[in-house]
Amino acid sequence: MEVVIVPDAMAGGELIAEALAALLRRKPDALLGVATGSTPLPIYQALAAQVRAGSVDAARARVCQLDEYVGLPAGHPESYRSVVLREVVEPLGLGADSFMGPDGAAEDVQAACEAYDRALREAGGVDLQLLGIGTDGHIGFNEPCSSLASRTRIKTLTQQTRKDNARFFDSLDEVPHHVITQGIGTILEARHLVLLATGAGKADAVARAVEGPLTALVPASALQLHPHATVVVDEAAASRLKLADYFRATYAAKPHWQGL
Ligand code: PGA
């Protein structure tokens, strides 16, 4: 995988937004897999700024969700559907029909998971999947010990993840226990994986994912299996990487026209 160390979160957001813009210039109806949480927000802000400035046209872009809470009432502001509509679909000026996500309110959750997994394939597959990383090494909501071959399914959140996400709710009790997440096998089918991690709190998870063994204990280590995976980290999140100097030198030597 390629590891790119940037000075701060803003620089990471701009770099990844440029990769998304380049993809949209090449393929205007690309299917973009978007992540939620705090980390990717600078990406969406930078891309929306490019759209407003007219340097990229996102009108035909399609967007799909990585995961969703189970059981939140329709329209709940913290459902990932609401978050993606608010942070991505509206700022980019996309139509609501350009957007795909799993149905976290379905009566038959298992069937909803299978339908979403199928829909991603039928849509031609994800061109670029954005990822965050949990402090426990999760990607999507694939918590430690998730099968590296898993498909979209229901998962139970660890207490750590519920605590990490409690800041989006009024109290920890309101954070759902269950989620639908694209499986690790599903995520690995995207053509390009781009993981952004910022802040010292992610340093340990990043080091384990990038330099540790491939293991279901660290779901993000599955990126090691992907032929086109990019990990963008700020200095704080890179602070435990043994190969940081090598990663810096490699990226500095890369022809700039290659992009991410
Ligand atoms: P965060 O979440 O960006 O809010 O830290 C990342 C994740 O849990 O994948």
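Student: Let's start with the ligand. How far is an oxygen atom of the ligand from an N or O atom in the side chain of Arg167?

Tutor: Keep in mind that this is a predicted model. A polar contact needs a pair of N or O atoms within 3.5 Å. The Arg167 side chain offers such an atom to a ligand oxygen, and the distance is 2.8 Å.

Student: How much of the ligand does the protein bury?

Tutor: Picture the ligand on its own: it exposes 280 Å². Now put the protein back around it, and the buried share of that area is 85%.

Student: Which residue has a polar side-chain atom 2.7 Å from an oxygen atom of the ligand?

Tutor: Let's look through the residues surrounding the ligand, which include Ser38, His138 and Lys202. Ser38 comes 2.9 Å from a ligand oxygen, but with a polar backbone atom. The side-chain atom at 2.7 Å belongs to His138.

Student: How many residues of the shell around the ligand are nonpolar, polar and charged?

Tutor: Gly counts as polar in this grouping, and the shell has Gly37, Gly132 and Gly134 among its members. Sorting the shell gives 1 nonpolar, 6 polar and 2 charged.

Student: On to the sheets. What is the strand order in the open sheet of 7 strands?

Tutor: The pairing in this sheet is parallel. Strands E1 (2–6) and E5 (99–100) stand at its edges with a single partner strand each, so one side of each has no neighbour in the sheet. Reading across, you get E1-E10-E9-E6-E2-E3-E5.

Student: What is the bridge partner of Gly33 in E6?

Tutor: Strand E2 covers residues 31–34 and strand E6 covers residues 128–131. These two pair in the parallel sense over 2 bridges. Across from Gly33, the partner in E6 is Gln129.

Student: And the open sheet of 3 strands: why is one side of E4 and of E7 left without a neighbour?

Tutor: This sheet runs in the order E4-E8-E7, with antiparallel pairing. Strands E4 (67–69) and E7 (153–156) stand at the edges, so each has just a single partner strand.

Student: How many bridges join E7 to strand E8?

Tutor: E8 spans residues 178–181 and runs antiparallel to E7. You can spot Arg153 partnered with Thr181, and Lys155 opposite Val179. The bridges joining E7 to E8 number 4.

Student: Which residue in E8 stands opposite Glu68?

Tutor: E4 and E8 pair in the antiparallel sense over 3 bridges. Look across from Glu68 into E8 and you find Ile180.

Student: Last one: which residues does UniProt list for the domain "Glucosamine/galactosamine-6-phosphate isomerase"?

Tutor: The name comes from an unreviewed UniProt entry. Over that stretch the chain is 35% helix and 14% strand, with the end C-alpha atoms 27 Å apart. The listed range is residues 11–225.

Methods. Residues are numbered from 1 along each chain as its sequence is written. This is a predicted model: local features need pLDDT of at least 70, side-chain atom pairs count only at pLDDT 80 or more; totals for chains, interfaces and linings use all residues. Side-chain values use heavy atoms; hydrogens and water are left out. Two strands pair if DSSP finds at least two bridges between them. UniProt positions are given in the numbering used here, feature names are shortened, and annotations may be inferred rather than shown by experiment. A residue is near a molecule or strand if one of its heavy atoms lies within 4 Å of it. A polar contact is a pair of N or O atoms within 3.5 Å; within protein, one must be able to donate a hydrogen and the other to accept it, and residues adjacent in sequence count only if both atoms are side-chain atoms. Accessible areas come from the Shrake-Rupley method with a 1.4 Å probe; for residues, only the protein chains shown count as cover.
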